[in-house]
Amino acid sequence: MIINFHNITSEPLDEFDRHAAPRLDVHAFTRIIDWLSERFAIVSLETMLDRLSQGESIDGLATLTFDDGHLGILLNGFPVLQARGLVASVMVVTQTLFSPSMLFHFEELELAIRLADAVSLLLPDLPRISLATNADRLAALRYLKRALKTMPEVHRASLHARILDLLATEAQALRNAAMGEERFAKLSIAQLKCLAQAGWGIGAHSRTHRTLSCLDDQDARQEFFGSRDELHSVLGVLAIPFAYPYGGPQHVDARLHGWMPGSGYTCGLLTRLDAGPPGADRYRLQRVNIEDMLRCNPDIFSKSQEIA
C-alpha cells in the first residue's frame, strides 16, 4: 500500500484546514504513523519498487509519500518519522523551489475566500454562491476547487482570475497575506537537500500543479518533463518518481501514460479513493490519500472528530 499525505502543521486546524485543504496537525499525524506501524512494515518507495521489479510480494508493506512540497513536511512530519527510524518520499511542485513565496492556484482561492469582504459571488453561467457564513465559504471553496480542476486550462485560468477580481484580491496581496503562515510555506532547495541527505526519496509533482489532462501538448510536456529536469538541476539525481497532480483517471490521459515509460521516471503514482494494493505496473501505481483512508478506518482515532 502507498499512503499519501500533504502538509503537516504545528498549528491547530481550523474548518478550512479540516475540510477544504489536505492538512494534518502533528499530533494527529503522530497517531496515524503509530497506527500504521502496528499494522504494516513501512518501507521506502525505492524498496517497494525493487520488490515489484523482482516479482516479490509486497503484502504487509506500506510506503509513505508527501505531495506538493510544504515546509511543514520537514518541520513537523520529518521529526516524527525520524524518531521511529522511518523515511518517506516528497513529491515536489518544482517551481516553488525557485519562487519560495509562490502560492498554488488552489491556495490563492482559499485565501481569497477566507479574506473576502463580499457576502456572495456571482460567476457566469452559475447560480449565486453565498459567502455569508464560514460554512458558506467552506462550501464555496470546495465547490470551486472541484469545478476548476477539470476545466480546460484556458477556461480555468480565466475563471480563476475572474474570481480573484470579483473578490477584490490580487495575487501579490494574497502572497503578502500568506507570509509567515506555516500552512502555506514551501520547502527551499537547501531544505529539500536536507531530506534527501536523511534518506528520503525526492520526486516530481509537475511544475505548477495544474491538471495535466486539461493542458495542451506543449504545456503538458513542460509540466511533465520540466519538473524532472528541474529536480535534476537542483539535486543532481537521476532516479526520480513522478506523482500526477490529483492523480485520478480524469486527471491523467493517454498522452501521459504514453510518455511515462521513456521519460526516465522510476514510476508514476496515481490516486485511488480506497485503501488497497498499488498494483504491479510501476508506471500506474495506485496510492490512497490519508483523508480517504481515515474514512475507511475510523478506529485510527479514539475521537473521530479530530480529523474529518
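## Helices and a tyrosine

A helix here is a DSSP run (H or I) of at least four residues, a strand is a run (E) of at least two, and both are numbered from the N terminus. With that in hand, you can place Tyr143 in helix H7, which covers residues 134–149. Please keep in mind throughout that this is a predicted model.

Is Tyr143 buried, exposed or partly exposed? Its relative accessible area is 34%, so Tyr143 counts as partly exposed. Beyond the residues up to four places away in sequence, Tyr143 touches Leu126 and Ile129. For Ile129, the C-alpha atom is 9.6 Å from that of Tyr143, with the two positions 14 residues apart in sequence numbering.

## Helix H4 and its bend

Let us move to helix H4, which runs over residues 71–83 and has 13 residues. From first C-alpha to last, H4 reaches 18 Å, close to the 18 Å expected at 1.5 Å a residue. There is a bend in H4 of about 45° at Gly77, and within four residues a proline, Pro79, follows.

Which residues of H4 are buried? They are Leu71, Gly72, Ile73, Leu74, Asn76, Gly77, Phe78, Val80 and Leu81. What do these buried residues pack against? Their partners are three strands, E2 (7–9), E5 (61–68) and E6 (89–92), together with two helices, H2 (26–39) and H10 (189–197).

Leu75 also belongs to H4, but its relative accessibility is 44%, so Leu75 counts as partly exposed. In space, the C-alpha atom of Leu75 is 9.8 Å from that of Gln191, although the two residues are 116 apart in sequence.

## After the helix: Gly85 and Leu86

Following H4 comes Gly85, with a positive phi near 70°. Leu86 sits in the loop between H4 and E6. Loop or not, Leu86 is buried, because its relative accessibility is 13% and the cut-off for buried is under 20%.

Which residues touch Leu86, if we set aside neighbours within four places in sequence? The contacts are Ile33, Ser37, Ile42, Leu81 and Trp200. One of these, Leu81, is among the buried residues of H4. Arg210, 124 residues from Leu86 in sequence, is 31 Å from it, C-alpha to C-alpha.

## Two aspartates with positive phi

Two residues other than glycine deserve a look at their backbone angles. Asp68 has a positive phi near 95°, and Asp125 has a positive phi near 65°.

Their settings can be taken one by one. Asp68 lies in strand E5, and its relative accessible area of 4% is why it counts as buried. E5 is one of the elements that the buried residues of H4 pack against. Asp125 lies in the loop between strand E7 (120–121) and strand E8 (129–130). With 82% relative accessibility, Asp125 counts as exposed.

## The largest pocket

How much space lies in the largest pocket? About 1200 Å³. Its lining is made up of 47 residues, and the closest to the centre are Ala20, Pro22, Lys145, Lys149 and Asn289. Sorted by class, the lining holds 18 charged, 15 nonpolar and 14 polar residues.

## The second largest pocket and Gly201

The second largest pocket has a volume of about 360 Å³. Its lining counts 17 residues, and those nearest the centre are Glu46, Gly201, Ile202, Ala239 and Pro241. Two elements give two or more residues to this lining: helix H3 (45–53) and strand E9 (201–204). H3 gives the most, with four residues. By class, the lining of the second largest pocket has nine nonpolar, five polar and three charged residues.

Gly201 is worth a closer look, as one of the residues nearest the centre of this pocket. It is found in strand E9, and with a relative accessible area of 24% it is partly exposed. Another of the residues nearest the centre is Glu46, whose C-alpha atom is separated by 7.6 Å from that of Gly201, while 155 residues separate the two along the chain. Leaving out residues up to four places away in sequence, Gly201 touches Ala88, Ser89 and Val90.

How values were computed: Residues numbered from 1 in each chain as written. Predicted model: local features only at pLDDT ≥ 70, side-chain atom pairs only at ≥ 80, totals over all residues. Heavy atoms only, no water. Expected span 1.5 Å × (residues − 1). Bend = angle between axes of the 7 residues up to and from the residue. Buried < 20%, exposed > 50% of the residue type's maximum accessible area, 1.4 Å probe, protein only. Contact = heavy atoms within 4.5 Å. 1 Å grid on protein atoms, 1.4 Å probe; cavity = no way out; pocket = protein on both sides within 12 Å on 5 of 7 lines; lining within 4 Å. Points joined across faces, edges and corners; volume = space filled by probe spheres on them. Nonpolar A, V, L, I, M, F, W, Y, C, P; charged D, E, K, R; others polar.
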